[in-house]
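Biologist: I would like a close look at a single part of this model, taken slowly and set in the context of the whole chain.

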Amino acid sequence: MDKAFGHSLSPSFNPYANSINFLLASYLLPYVALTGYEGLNPHLQSPISRRLCAGILGVQSAQDAVIRALLYQHASMKVEPYGVTVAEFTSRISELRNELGRTGNKDEGLVAPSSASSVEGHHHLGNLLAENSNAICYKRAPREILRILYGKGTAAVPGGFFPNGANGQIAKSYLHNSDF
């Protein structure tokens with residue numbers, strides 16, 4: 001959360017302090033996984049692998065939608081003690097994921113970007129499903145996912161959710177390679 005705001009939150013963000021904090025912490029991963037599965041599926045050769053990936057994609061989509069819907073119910077609420085709205089928290093997290101992924105806007109907070117200025121007035125448009133202009137889920141390549149999960153904007157240096165690096169063959173191929 002500190003990285004999303006560009007400074008250390010005081011006190012430190014505690015995901016277990018209350019249900020809103022827990023939902024905000026839960027907002028961190030499902031959408032990243034969802035965009036990863038969307039990016040991976042076309043590259044799979046086996047029909048069984050594609051079916052499995054599509055099934056996981058469906059579950060990740062549902063998890064993300066439920067979390068976003070629950071957070072949206074409180075979009076205008078200030079997260080204490082920070083004095084920042086729930087919608088702003090999600091926007092900051094999404095902006096950070098876009099920055100770390102390094103491939104443009106593939107992530108959006110709870111409020112549609114065109115209506116972001118009206119959050120305070122409670123007249124905002126919900127953004128429960130982040131989608132591209134064709135109403136299709138955004139997709140991310142494995143290197144983009146690792147850039148986000150490592151929290152460094154590179155797939156070559158472990159950190160974040162995987163301080164020692166992810167364990168898969170693809171992830172290992174990126175480690176210590178300055179091109180990613």
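**A close look at helix 4**

Modeller: In this predicted model, what covers the buried residues of helix 4 includes helix 2 (19-26), helix 3 (30-40) and helix 5 (86-101). The buried residues in question are C53, L57, Q60, D64, I67, R68 and L71, a list in which Q60, D64 and R68 stand alongside C53, L57, I67 and L71. As background to that list, an α-helix has 3.6 residues a turn, so residues three or four places apart point the same way.

Helix 4 itself takes in residues 47-72, 26 residues in total, and from its first C-alpha to its last it reaches 37 Å, close to the 38 Å expected at 1.5 Å a residue. At the start of the helix, S46 places a side-chain oxygen within 3.1 Å of the backbone nitrogen of I48.

Turning to the setting, the protein chain holds 7 helices and 2 strands, arranged from the N terminus on as α-α-α-α-β-β-α-α-α. Of its 180 residues, 43% are buried, and among contacts with a separation of 6 or more, 58% are between residues 24 or more positions apart. The area that the chain exposes is about 9700 Å², with carbon and sulfur atoms supplying 57% of it.

As for confidence, the chain averages a pLDDT of 87, and 87% of the residues score at least 70. Over residues 115-124, however, pLDDT stays under 50, and the model has 17 contacts beyond four places in sequence for that stretch. Where pLDDT is low, the predicted coordinates should not be read in detail.

Notes:
Residues numbered from 1 in each chain as written. Predicted model: local features only at pLDDT ≥ 70, side-chain atom pairs only at ≥ 80, totals over all residues. Heavy atoms only, no water. Helix = DSSP H or I, 4+ residues; strand = E, 2+ residues; numbered from the N terminus. Expected span 1.5 Å × (residues − 1). Buried < 20%, exposed > 50% of the residue type's maximum accessible area, 1.4 Å probe, protein only. Contact = heavy atoms within 4.5 Å. Polar contact = N/O pair within 3.5 Å; in protein donor to acceptor, adjacent residues only side chain to side chain. Areas by Shrake-Rupley, 256 points an atom, 1.4 Å probe, with all protein chains shown as cover. pLDDT = per-residue confidence, 0-100.
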